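Thanks for asking me to look over this one. My notes follow as numbered points, so you can take them in any order.

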Amino acid sequence: MSEHQGRHDVIIIGAGPSGAVAAALLNKRGYKVLVIEKSYFPRFSIGESLLPQCMQFLEDAGLLSVVEQAGFQSKNGAAFSRGDEYDYFDFREKLTPGYGTTYQVRRDKFDKLLIDEAEAQGVQVTYGHTVTDFELHTDGVLLTVTDEALSEYRLQADFVLDASGFGRVLPRLLGLDKPSAFESRTSVFTHVEDRIDNQSFDREKILISVHPENQQIWYWLIPFSDGRASVGVVTPPEVLENLSGSDLEKLKTLIGVADFKADLLGDAVFDSEVGKIQGYACDVEQLYGERFALLGNAGEFLDPVFSSGVTIALKSATLAVQTLDQHLSGLEPDWQEQFADPLQKGIDTFRNFVEGWYDGRLQDVIFSAEKNPAVSEMISSILAGYAWDDKNPFVKNPARLSVLAELCRNAERGKQADDR
């Protein structure tokens, strides 16, 4: 085992969006940063529909301009379908000030753009290497790293940020994993040449569709700018287990029973490999510890239904860097108060919406025929990623969602009674 010369202020595990943003922000502050990534970019990843809140985080890190110039599909909202019902939220019509548009991206290209730009700004990046051990010392951290030839070496740093996503390097090495409170679900997905010729279809919005008989099953359709799209389904695992055929055949079978989605994708060419993620929800005992912090999916992942993953990841990177800057400056920041608690507030807001989606409360709100414009702007803000805005009543008091859902249900019952 060889010892590398020199010492880094911060080592970041993972070169995905949270790692790239954290690295760029730290580099701007003058710190010596090293990013260690086990893969080579570009590489496939899901999580292709960004939220407008992401744009501010990218701008702050000096990474927005390369995204704006990349030719990605513009996105201004989210559309929802359930049987014959259809509605949407325009993110430009929201309570919270800030960006109202964003992009739907091929993550292989998007992630590479971000880390390449961070590297161009001065961040050092090492690909094809894997962190295999974490040792805490009085004056810093000693990481053991394995290269592609299976040779080991060690790196020293004052602090480590884990941005390894579903790789969850530090949670595994330090025994931080704990079961998620969410039920286990499975996602099957692929990319297609969509060939959608329906003139009313809005390519500037992600489309979320509900299974006609089971509200626990839902589908996404994320159009890209090149005539292709990301298509996927999220379902209880037993539903897939009870279907015959390959994962592609199962995906097509489930799409086939969702009339609106099936009509849109009737001419689609399924020409890409099918991916599957089982039991994707995850959680940890703690988001930080002595000389380390967890970013994005390395900490907690909820559910893909509202595309919150990248937004939470970038928020965690921003909060971590602000707190870490104080630590590296010789101060003693309160990581619970300055990092974990603020981050958790937005996670809890998204969690309430995810729970409301699966228990039907949020679906009843979305598909309600009676909508208050002011309330719709509050909901739109959260769906646009502004889950940390205390001026939004649905952020300040998540219980309001249950009250709103009941009002929508009462209005629907009243309408049905009038129709009779």
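**Notes on the packing and backbone**

1. Let me begin with what surrounds helix 2. Its buried residues are covered by elements that include helix 1, helix 3 (64–68), strand 7 (102–104), helix 4 (107–120) and helix 9. The residues in question are Gln-53, Cys-54, Met-55, Phe-57 and Leu-58. Just after helix 2, Gly-62 takes a positive phi of about 75°. Please keep in mind throughout that this is a predicted model.

2. Leu-58 deserves a closer look. Leaving aside residues up to four places away in sequence, Leu-58 touches Val-21, Leu-63, Leu-64, Val-67, Phe-110, Leu-114 and Leu-314. Leu-58 is also listed with Ile-12, Phe-80, Leu-161, Phe-339 and Trp-357 as the residues that touch the most other members of the largest nonpolar core, which has 118 residues. Helix 10 supplies the largest share of this core, ten residues. A second, separate core has 20 residues, among them Ile-196, Phe-201, Leu-254 and Leu-264.

3. Next comes helix 9. Its 20 residues reach 28 Å from the first C-alpha to the last, close to the 28 Å expected at 1.5 Å a residue. Is helix 9 mostly covered or mostly uncovered? Helix 9 is mostly covered, with 15 of its 20 residues buried. Just after helix 9, Gly-330 has a positive phi of about 95°.

4. The pairing of helix 9 with helix 10 can be put in numbers. Two packed helices are described by the angle between their axes and the distance between those axes. Here the axes of helix 9 (residues 309–328) and helix 10 (residues 335–359) come within 9 Å and cross at roughly 170°. Angles over 145 degrees count as roughly antiparallel, so helix 9 is roughly antiparallel to helix 10.

5. As for the residues at that contact, helix 9 brings Ile-312, Lys-315, Ser-316, Leu-319, Ala-320, Thr-323, Leu-324 and Gln-326. On the side of helix 10 they meet Trp-335, Gln-338, Phe-339, Pro-342, Leu-343, Ile-347 and Phe-350. Sorted by class, the contact has ten nonpolar, four polar and one charged residues. Phe-339, in this contact, is also one of the core residues that touch the most other members.

6. Ala-22 sits in helix 1 (residues 17–28). Ala-22 counts as buried because its relative accessibility is 0%. Not counting residues up to four places away in sequence, Ala-22 touches Ile-12, Leu-161, Leu-295, Ala-317 and Val-321. Ala-22 and Ser-380 are 358 residues apart in sequence, and their C-alpha atoms are 27 Å apart in space.

7. Some backbone values are worth checking by eye. Most residues other than glycine have a negative phi, and most peptide bonds are trans. Where is there a cis peptide bond? The bond from Phe-41 to Pro-42 is cis, with omega near 0°. Pro-42 is in the loop between strand 3 (33–37) and helix 2 (53–60).

8. Two positive phi values in residues other than glycine close my list. Arg-291 has phi near 70° and lies in the loop between strand 19 (288–289) and strand 20 (292–294). Ser-307 has a positive phi of about 55°, in the loop between strand 20 and helix 9. Buried means under 20% relative accessible area, so Arg-291, at 16%, counts as buried. Ser-307 is buried too, with a relative accessible area of 15%.

Definitions and conventions: Residues are numbered from 1 along each chain as its sequence is written. This is a predicted model: local features need pLDDT of at least 70, side-chain atom pairs count only at pLDDT 80 or more; totals for chains, interfaces and linings use all residues. Side-chain values use heavy atoms; hydrogens and water are left out. Axes are lines fitted to C-alpha atoms, for helices over the stretch in contact, and angles run from 0 to 180 degrees between N-to-C directions. Helices (H or I, at least four residues) and strands (E, at least two) are DSSP runs, numbered from the N terminus. Angles under 35 degrees count as roughly parallel, over 145 as roughly antiparallel, 65 to 115 as roughly perpendicular and the rest as oblique. Contact means heavy atoms within 4.5 Å. Ala, Val, Leu, Ile, Met, Phe, Trp, Tyr, Cys and Pro count as nonpolar, Asp, Glu, Lys and Arg as charged, and the others, Gly among them, as polar. A nonpolar core is a set of buried Ala, Val, Leu, Ile, Met, Phe, Trp, Tyr and Cys residues joined through side-chain atoms within 4.5 Å. Buried means under 20% relative accessible area, exposed over 50%, partly exposed in between (1.4 Å probe, protein chains only). The expected span of a helix is 1.5 Å times one less than its number of residues.
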